[in-house]
Protein chains: 2
Amino acid sequence: MRALNADTGYLLYRLGLQSGRLFNAILEESGLRLRHYALLRYLSSVAGAPQRELSDRLGYDPSAIVSLVDDLQRLELVERRPSPGDRRSRIVVLTERGKDALRDTDKAGNRVTDDLLGPLDAEDRAALHALLQRVAERDRS
Amino acid sequence: MRALNADTGYLLYRLGLQSGRLFNAILEESGLRLRHYALLRYLSSVAGAPQRELSDRLGYDPSAIVSLVDDLQRLELVERRPSPGDRRSRIVVLTERGKDALRDTDKAGNRVTDDLLGPLDAEDRAALHALLQRVAERDRS
DNA sequence: AACAACTATTGACGACAACAATGATTGGCC
DNA sequence: GGCCAATCATTGTTGTCGTCAATAGTTGTT
């Protein structure tokens with residue numbers, strides 16, 4: 001992992017991989033994977049979204065969304081509801097159990113993050129978080 | 001991509017994915033992928049390493065290293081040399097052409113990073129880079 | 001009423017990563 | 001010196017994921 005003279009984008013890639021691995025390990029015990037978590041997390045920020053929106057925002061193929069929602073629905077973490085205005089569309093919403101699961105997973109995520117950001121003190125972590133968030137918001141539409 | 005209340009580890013994961021996609025797009029034209037680049041980059045920092053070390057440091061399976069080195073050797077970017085002390089082991093070294101290719105790819109990587117870090121000024125970028133580097137050096141052995 | 005565009009879904013194909021098994025070589029141990 | 005466990009690179013296998021094309025149902029347009 002030591003590539004000292006690497007540039008920032010590459011560092012982001014490497015650390016993202018590592019962070020993803022850690023998250024996956026945590027999620028494994030609940031039978032989920034990172035993609036499920038990403039979907040739940042997005043749903044928690046919008047309170048219901050049609051699958052097409054999930055595909056666009058998360059960058060997954062529509063067919064991938066189908067099986068992800070299938071899995072989560074099987075665990076009763078989300079529901080498919082008919083869209084009032086458009087009968088083609090189905091809006092996916094978090095169930096109460098889904099919200100609980102997300103809270104639990106977030107706690108586990110915090111532990112992972114604590115581990116990952118070992119060498120940084122509280123102030124540094126806040127600074128890093130702020131910087132990353134600004135970069136992430138770069139391409140919101 | 002907007003998951004506003006996400007924690008830092010998850011942000012790292014999402015941004016790492018995006019950064020990886022951008023890098024892969026750049027590398028595509030030279031017939032390489034991110035893993036090849038990671039391998040070249042590591043080799044440039046140690047001047048020769050047995051495949052087992054590459055596997056450990058980069059976190060890829062030994063079998064993955066085989067095909068990666070195969071690819072790079074086919075492009076004459078690296079060479080397999082017999083290890084003086086251990087005939088089981090083969091040390092992989094950069095060729096001159098490999099060093100050139102790495103330089104070119106680094107330039108392209110800088111362009112990608114510039115794009116990714118759009119909203120940050122020079123000072124912020126330096127701060128982010130320093131923070132990421134400290135996290136990355138957390139688990140050097 | 002006909003037609004193009006869109007939503008979710010299914011199915012297929014190729015790429016690729018993680019895992020187990022193998023041949024060659026090394027070092028330890030008695 | 002001979003046996004045995006461990007190690008390195010390689011091969012093969014399996015499962016997963018991303019991408020693409022095709023389909024059924026629905027919407028809006030003309």
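Let me start with a term: a residue counts as near a molecule or strand if one of its heavy atoms lies within 4 Å of it. This is a predicted model, so local features need pLDDT of at least 70 and side-chain atom pairs count only at pLDDT 80 or more, while totals for chains, interfaces and linings use all residues. Residues are numbered from 1 along each chain as its sequence is written, chains are lettered from A in the order in which they are written, and side-chain values use heavy atoms, with hydrogens and water left out.

Now, to DNA strand C. Of the 17 residues around this strand, Gln51(A), Arg52(A), Arg80(A), Arg88(A) and Arg33(B) come nearest. On the DNA side, 79% of the atoms within 4 Å of the protein belong to sugar and phosphate.

Some polar contacts, meaning pairs of N or O atoms within 3.5 Å: a polar backbone atom of Arg52(A) is 2.5 Å from a phosphate oxygen of strand C. From chain B, an N or O atom in the side chain of Arg35(B) is 2.9 Å from a phosphate oxygen, and a polar side-chain atom of Ser63(B) lies 3.1 Å from a base nitrogen.

And how do the two protein chains relate? Superposed by least squares on C-alpha atoms of residues with pLDDT of at least 70 in both, chain A can be laid on chain B with an RMSD of 0.2 Å, by a turn of 179° and a shift of 0.1 Å along the axis. That is the relation of a two-fold axis. Gly16(A) is the residue of chain A whose C-alpha comes closest to this rotation axis, at 2.1 Å.

Conventions: A polar contact is a pair of N or O atoms within 3.5 Å; within protein, one must be able to donate a hydrogen and the other to accept it, and residues adjacent in sequence count only if both atoms are side-chain atoms.
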